[in-house]
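Biologist: Please take a close look at one part of this model, the aromatic rings, and then work outwards to the helices around them.

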Amino acid sequence: MLNRRHIRVKVLQTIYAMHQSGSEDLAKEERFLFASLDSIQDLYLIVLTALTELRQKEADFLDKASKKHLATAADLKPNKKFIENRFLLLLEESTSLNNAVTTRKISNWQQNDDVILLLLEDVKKSALYLKYMASNQKTFAEDKEFIMQLFSEVIAPNEKLYDYLEDFKLTWVDDIPLVNTALMKQFKTLDEKNPFEILPLFKDEEDQDFARDLFRKTVLNENDLAKEYIDRTPNWDPERISEVDTIMLKLAICEFLKFPSIPVKVTINEYLEIAKEYATPKSSIFINGILDNLVKEFQKTDKLKKTGRGLM
């Protein structure tokens, strides 16, 4: 689920928080980093179970309506297309999802069902829902397409859901788009023949090691990494360079010098994109200029030790 850019952002945020607090406890801050990364798995599960909770809440509503003393014909014979949606049932019956929810003790919607009820209200008012419920088709393909559209257009951008997630854990503000994108990609690949399997947090052990190594190698070598760019900013007052910019420079230089398998162009492009989102408007220009000059100098002095073809 996690990509390298998001790992870089989390390392950046951890080092920034470390500087702001004045902490020098490397082990403690590393635990903070991995706790921040690990919590993304909880976010993923909470968003997923919001879908199954919507189906369950509607099923409960229809059941109660049918048992009313003065139940109408519509109450007694309701349209059950939504609660019989095979895509939602596939999620609900997933052993992988249910085990993960139990293991990680995800109980948000049991404690905050008002959010689900408000979300269900918005879903049932949507044109997508009304069109789906009026259709006579009953195929997995239609059920899947409906849930994907509903998730993309109604659920993911829903302010009530977003506000709840943000209030529950502020650090998730940057993670919600990542999780939503990962879910949409996963939904596209699902078919009725195979059970739903939750995504692992890290693609592989190498990505997990990358998070740890980037954090450690940057923090333990901050002074040396800073020396690489301090004398190369004649038009910039070092005291006025933002904290975020300096951390990004250190992270990038660390990748240049201490991660031989990461291409130089990849490192530069990644931090330029991060700068556009997390730094000042001029940061990407500043960082690009510094890194470009550093790479040229490192190449002249044979300081870059990259392995494999096309890594320069």
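**Aromatic rings and helix packing**

Modeller: Ring pairs join Phe 82, Tyr 129, Tyr 132 and Phe 146 into a cluster. The model is a predicted one. In total, the structure holds twelve aromatic pairs.

One of these pairs is formed by Phe 87 and Phe 140, with 6.2 Å from centre to centre and 40° between the planes, and is classed as tilted. Phe 87 belongs to helix H4 (residues 86-92) and Phe 140 to helix H9, so the pair ties together parts that are 53 residues apart in sequence. The cut-off for buried is under 20% relative accessible area. Phe 87 has 0% relative accessibility and therefore counts as buried. Phe 140, at 10% relative accessibility, also counts as buried.

Another pair, Phe 210 with Phe 259, is edge-to-face, at 5.7 Å centre to centre and 75° between the planes. This pair links distant parts of the chain, 49 residues apart: Phe 210 sits in helix H12 (residues 205-219), and Phe 259 in the loop between helix H14 (243-258) and helix H15 (264-278). Phe 210 counts as buried because its relative accessibility is 3%. Phe 259 counts as buried at 8% relative accessibility.

Tyr 129, a member of the ring cluster, also takes part in a helix contact. There, Val 123, Lys 124 and Lys 125 in H7 meet Ala 127, Tyr 129 and Leu 130 in H8. By class, this contact of H7 with H8 has four nonpolar residues, two charged residues and no polar ones. Two packed helices are described by the angle between their axes and the distance between the axes. For helix H7 (residues 113-125) and helix H8 (residues 127-134), the angle is about 65° and the axes are 4 Å apart.

H7 also appears in the surroundings of helix H10 (residues 159-168), where Leu 161, Tyr 164 and Leu 165 are buried. These three residues cover an arc of only 95° around the axis, which puts them on the same side of H10. Covering the buried residues of H10 are, among others, helix H2 (26-66), helix H6 (108-111), H7, helix H9 (140-155) and helix H11 (176-189). H9 is also the helix that holds Phe 140 of the tilted pair. On the face of H10 turned away from its buried side, Glu 159 and Asp 167 are exposed. At the start of H10, Asn 158 places a side-chain oxygen within 3.0 Å of the backbone nitrogen of Lys 160.

Conventions: Residues are numbered from 1 along each chain as its sequence is written. This is a predicted model: local features need pLDDT of at least 70, side-chain atom pairs count only at pLDDT 80 or more; totals for chains, interfaces and linings use all residues. Side-chain values use heavy atoms; hydrogens and water are left out. Axes are lines fitted to C-alpha atoms, for helices over the stretch in contact, and angles run from 0 to 180 degrees between N-to-C directions. Helices (H or I, at least four residues) and strands (E, at least two) are DSSP runs, numbered from the N terminus. Contact means heavy atoms within 4.5 Å. Ala, Val, Leu, Ile, Met, Phe, Trp, Tyr, Cys and Pro count as nonpolar, Asp, Glu, Lys and Arg as charged, and the others, Gly among them, as polar. Buried means under 20% relative accessible area, exposed over 50%, partly exposed in between (1.4 Å probe, protein chains only). The arc is that of the directions from the helix axis to the C-beta atoms. A polar contact is a pair of N or O atoms within 3.5 Å; within protein, one must be able to donate a hydrogen and the other to accept it, and residues adjacent in sequence count only if both atoms are side-chain atoms. Rings of Phe, Tyr and Trp (its six-membered ring) pair if their centres lie within 6.5 Å; planes under 30 degrees apart count as stacked, over 60 as edge-to-face and the rest as tilted.
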